[in-house]
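Biologist: Please take me through how the parts of this model are put together.

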Protein chains: 2
Amino acid sequence: MNEVIRMYENPTADALLRAARTLFARLGYHGASVRAIAQEAGANLGAITYHFGTKGNLYDAVIGRVLAPSRERLAAAAALPAPPLDRVEAVVRAFFAFLAENPDLPQFIMQQLMGSRPMPEAARQTLQANLGLLAGLISEGQSDGSVRRGDAQMMALSIVAQPVYLTVAQPILREVLVVDQGEPEARSRLVESVVSFVRAALSADSERD
Amino acid sequence: MNEVIRMYENPTADALLRAARTLFARLGYHGASVRAIAQEAGANLGAITYHFGTKGNLYDAVIGRVLAPSRERLAAAAALPAPPLDRVEAVVRAFFAFLAENPDLPQFIMQQLMGSRPMPEAARQTLQANLGLLAGLISEGQSDGSVRRGDAQMMALSIVAQPVYLTVAQPILREVLVVDQGEPEARSRLVESVVSFVRAALSADSERD
DNA sequence: ACTTCATTCATACGTTCGTATGATAGGGCC
DNA sequence: GGCCCTATCATACGAACGTATGAATGAAGT
């Protein structure tokens with residue numbers, strides 16, 4: 001069955017990808033069985049072998065679909081004609097917006113980072129590119145004096161950590177804060193909180209050592 | 001086999017807990033099989049049934065052991081006689097120190113948050129307590145004017161996100177930054193970066209709106 | 001009408017999973 | 001020596017797993 005992955009689309013393959021995305025995000029790679037995925041997709045068990053060959057291939061296909069689109073979204077936000085700090089803010093907002101459309105993305109990012117299985121090359125590149133984007137803006141801001149001194153890459157990681165963590169931690173958020181990110185107004189409060197947190201953390205105004 | 005969990009310690013049970021901790025952290029709940037755990041522990045397969053009854057009980061026992069000790073460590077750091085902002089810094093440093101001793105802790109925190117399986121009540125309480133600790137310090141700082149305005153709980157989450165995320169993202173860190181957190185000096189640079197990030201983010205100096 | 005071919009389906013294979021159990025061993029106590 | 005009690009071990013069971021495969025289906029091309 002060393003079949004090459006088909007590139008054209010097919011309703012069944014699409015339904016499988018959609019179902020796999022849901023179940024992999026919720027249950028992890030090992031927790032989601034191919035049978036459960038096929039059933040959720042309303043497809044036959046054999047359809048997975050036919051369209052993707054193996055469960056691993058299916059997972060990699062899902063990862064590609066989930067991660068890749070983030071790249072141009074963030075790049076677009078970073079390309080605005082504005083001072084570096086404002087562009088960082090734009091990237092954070094774009095990230096949140098993208099997360100609102102793809103609430104399962106943080107789960108996949110975390111799964112990849114935690115190495116539940118070897119990271120596909122494409123995924124690693126996307127993650128790295130998004131990180132580099134932020135780091136570049138920070139460096140730029142440091143050059144023109146608007147951003148605090150410090151390791152730009154680490155600062156970028158500190159920034160990325162927040163949207164990802166806050167989305168994954170939604171269940172805790174809901175219990176502790178009684179904040180439901182489903183409601184747009186509650187979500188907006190969260191975004192504003194992170195944005196001002198990041199601005200304050202980066203801004204050169206607060207330099208003190 | 002509805003056996004109650006034994007409370008006294010036993011070398012085999014201990015080895016099982018240690019092995020389970022390693023494998024659950026690395027592979028997740030579903031990814032780590034009871035056979036692999038028993039083998040890693042040098043114990044017989046039946047020993048798991050005997051000492052813990054089920055795989056789920058074993059996992060819960062591991063979670064308890066991993067999460068619980070963090071609570072008093074952080075509480076001790078938060079109780080120092082110092083201004084709120086300095087105590088927040090102390091908590092962040094204590095958290096990093098605890099993470100250095102328990103590098104697999106972030107994996108478990110994330111697994112719990114991502115709901116790979118229902119969260120044991122004790123785990124939820126520990127997570128919530130640690131968050132409340134930070135939120136309390138922030139509120140205090142807001143009262144005496146040393147900390148920026150904003151939702152204290154959300155700020156606390158923004159803070160916690162960083163040590164957790166940075167530790168989980170170690171593989172990426174190593175590739176992108178060529179920073180090996182194993183080396184104490186590299187790790188110290190990371191800690192200092194986060195500490196100053198957090199101080200800058202919280203400090204009222206930078207208030208600007 | 002007949003062939004072709006991509007796709008769907010039922011079903012089977014071998015493996016590994018979590019769990020259960022009965023036999024065996026060994027140490028303290030009468 | 002006989003007994004209990006805790007612990008270890010080999011082994012077995014049924015279920016679920018990922019994967020494979022050959023027959024059925026149906027639309028397109030001739």
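The exchange below treats the pair of chains and then the domains of one chain.

Modeller: This is a predicted model, in which local features need pLDDT of at least 70 and side-chain atom pairs count only at pLDDT 80 or more, while totals for chains, interfaces and linings use all residues. Residues are numbered from 1 along each chain as its sequence is written, chains are lettered from A and ligands numbered from 1 in the order in which they are written, and side-chain values use heavy atoms, with hydrogens and water left out.

Biologist: By what turn can chain A be laid on chain B, and what relation is that?

Modeller: Copies are superposed by least squares on the C-alpha atoms of residues with pLDDT of at least 70 in both. A turn of 180° with a shift of 0.0 Å along the axis lays chain A on chain B at an RMSD of 0.0 Å. That is therefore the relation of a two-fold axis.

Biologist: How many residues does the contact take from chain A and from chain B?

Modeller: Contact means heavy atoms within 4.5 Å. Of the contact residues of chain A, 98% recur in chain B, and the same surface serves both copies. The contact takes 50 residues from chain A and 49 residues from chain B.

Biologist: What area do chain A and chain B bury between them?

Modeller: Buried area is the accessible area (1.4 Å probe) that two parts lose on being put together, summed over both. Carbon and sulfur atoms carry 73% of it, and the total for chain A and chain B is about 4,700 Å².

Biologist: Which residues of chain A lose the most area to chain B?

Modeller: Three residues together make up 17% of what the side of chain A buries. They are Met154(A), Tyr165(A) and Phe197(A).

Biologist: Which residues form the salt bridge between domain 1 and domain 2 of chain A?

Modeller: The domain assignment, from an automatic or database source, gives domain 1 (1-53) and domain 2 (66-204) in chain A. A salt bridge is a side-chain nitrogen of Lys or Arg within 4 Å of a carboxyl oxygen of Asp or Glu; the rule finds zero across the interface of chain A and chain B, but one between these domains. Its closest N and O atoms are 2.9 Å apart, and the partners are Arg21(A) and Asp104(A).

Biologist: What area is buried between domain 1 and domain 2 of chain A?

Modeller: In domain 1, Arg21(A), Ala25(A) and Tyr29(A) lose the most area to domain 2, together 81% of what that side buries. Carbon and sulfur atoms give 52% of the area buried between the two domains, which is about 630 Å².
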